[in-house]
Amino acid sequence: MSAAGSVREQLATFWNKRYQDPEYAYGTEPNDFLVAQAASLPAGARILCLADGEGRNSVWLARQGHKVSTVDIAERGRDKALKLAREAGVTIEARVGDVTAFDPGSGCWDAIVSIFLHLPPEPRRALHERCAQALRPGGVFIYEAYAGGQLGRGTGGPREAALLPELEELLDDWPGCAIEQCFNGERMIREGALHQGIGVVNQIVARRNP
Ligand SMILES: C[S@@+](CC[C@H](N)C(=O)[O-])C[C@H]1O[C@@H](n2cnc3c(N)ncnc32)[C@H](O)[C@@H]1O
């Protein structure tokens, strides 16, 4: 197996283990920042949710009438997302895959959503660059994840500094897009058992130039 292949296997094993309980690790309610941003999406938007986990965000977007596709490395997450969708009476297209090797296409999404996906700097930048290309003109990238200041807080997120960027490191990630909104700071997060308490986050909305 190649080095990339074995890292992928380890990641999938880690996340599949996390999702083995019937409980939803981050709850079944959507992320607050996504909900606030979704208010300005066009009706029936075509949306890609990166690293969608157990489906709380994709299923909520589908319930709002959007056409939602997802990708996540964890098969168990995908299966729980499909269960959540069935229970909500909506459809999502959910695939298992590594976002760092994923081709999101070109000019085809009204929105791409990345909520609490923490990647090392190089694959993160490469993914964001591909996603910038994959948005239709006027489409938006909606991003929230823990930031550098979260290290050691114990309220959620990874324990590796390399996975927790500062806001300034992110701002050039989406070529051909304007940063419409950005925030770095504390906010109260209540998402399942694993995101609980005041966290330090980066939030970004990047819009592809017309
Ligand atoms: C903290 S969870 C967040 C899940 C979801 N976005 C949410 O907000 O509920 C991080 C997710 O990233 C996924 N993930 C991590 N690295 C990935 C990769 N390289 N490719 C695809 N998914 C990945 C994990 O499987 C996990 O579901």
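**Ligand shell.** I started with the helices around the ligand: α1 (3-18) and α3 (56-63) each give at least two residues to its shell. This is a predicted model, so I'm reading computed positions here. Which residues come nearest to the ligand? Of the 19 around it, I noted Trp15, Ala51, Gly53, Ile73 and Val99. Sorting the shell by character, I got ten nonpolar residues, five polar and four charged.

**Helix α4.** Next I looked at α4, which runs over residues 75-88. Its 14 residues reach 20 Å from the first C-alpha to the last, close to the 20 Å expected at 1.5 Å a residue. Then I checked burial, and Gly77, Arg78, Lys80, Ala81, Leu84 and Ala85 came out buried. Where do they sit around the axis? They cover an arc of only 165°, which puts them on the same side of α4. My reminder to self: an α-helix has 3.6 residues a turn, so residues three or four places apart point the same way. Arg86 and Glu87, on the other side of α4, are exposed. I noted two arginines with opposite labels in this helix: Arg78 is buried, whereas Arg86 is exposed. Just past the end of α4, Gly89 has a positive phi of about 75°.

**The β6/β7 hairpin.** Last stop was the strand pair. How do β6 and β7 run, parallel or antiparallel? Antiparallel: 14 bridges join β6 (residues 177-191) to β7 (residues 195-208). To pick one bridge, I followed Met188 across and landed on Ile198 in β7. The two strands form a hairpin with three residues between them. One residue in that turn, Gly192, takes a positive phi of about 60°.

Notes
Residues are numbered from 1 along each chain as its sequence is written. This is a predicted model: local features need pLDDT of at least 70, side-chain atom pairs count only at pLDDT 80 or more; totals for chains, interfaces and linings use all residues. Helices (H or I, at least four residues) and strands (E, at least two) are DSSP runs, numbered from the N terminus. The expected span of a helix is 1.5 Å times one less than its number of residues. A residue is buried if 20 or more other C-beta atoms lie within 10 Å of its own, exposed if 12 or fewer, and partly exposed in between; C-beta atoms are placed from the backbone. The arc is that of the directions from the helix axis to the C-beta atoms. A residue is near a molecule or strand if its C-beta atom, placed from the backbone, lies within 6 Å of it. Ala, Val, Leu, Ile, Met, Phe, Trp, Tyr, Cys and Pro count as nonpolar, Asp, Glu, Lys and Arg as charged, and the others, Gly among them, as polar. Two strands pair if DSSP finds at least two bridges between them.
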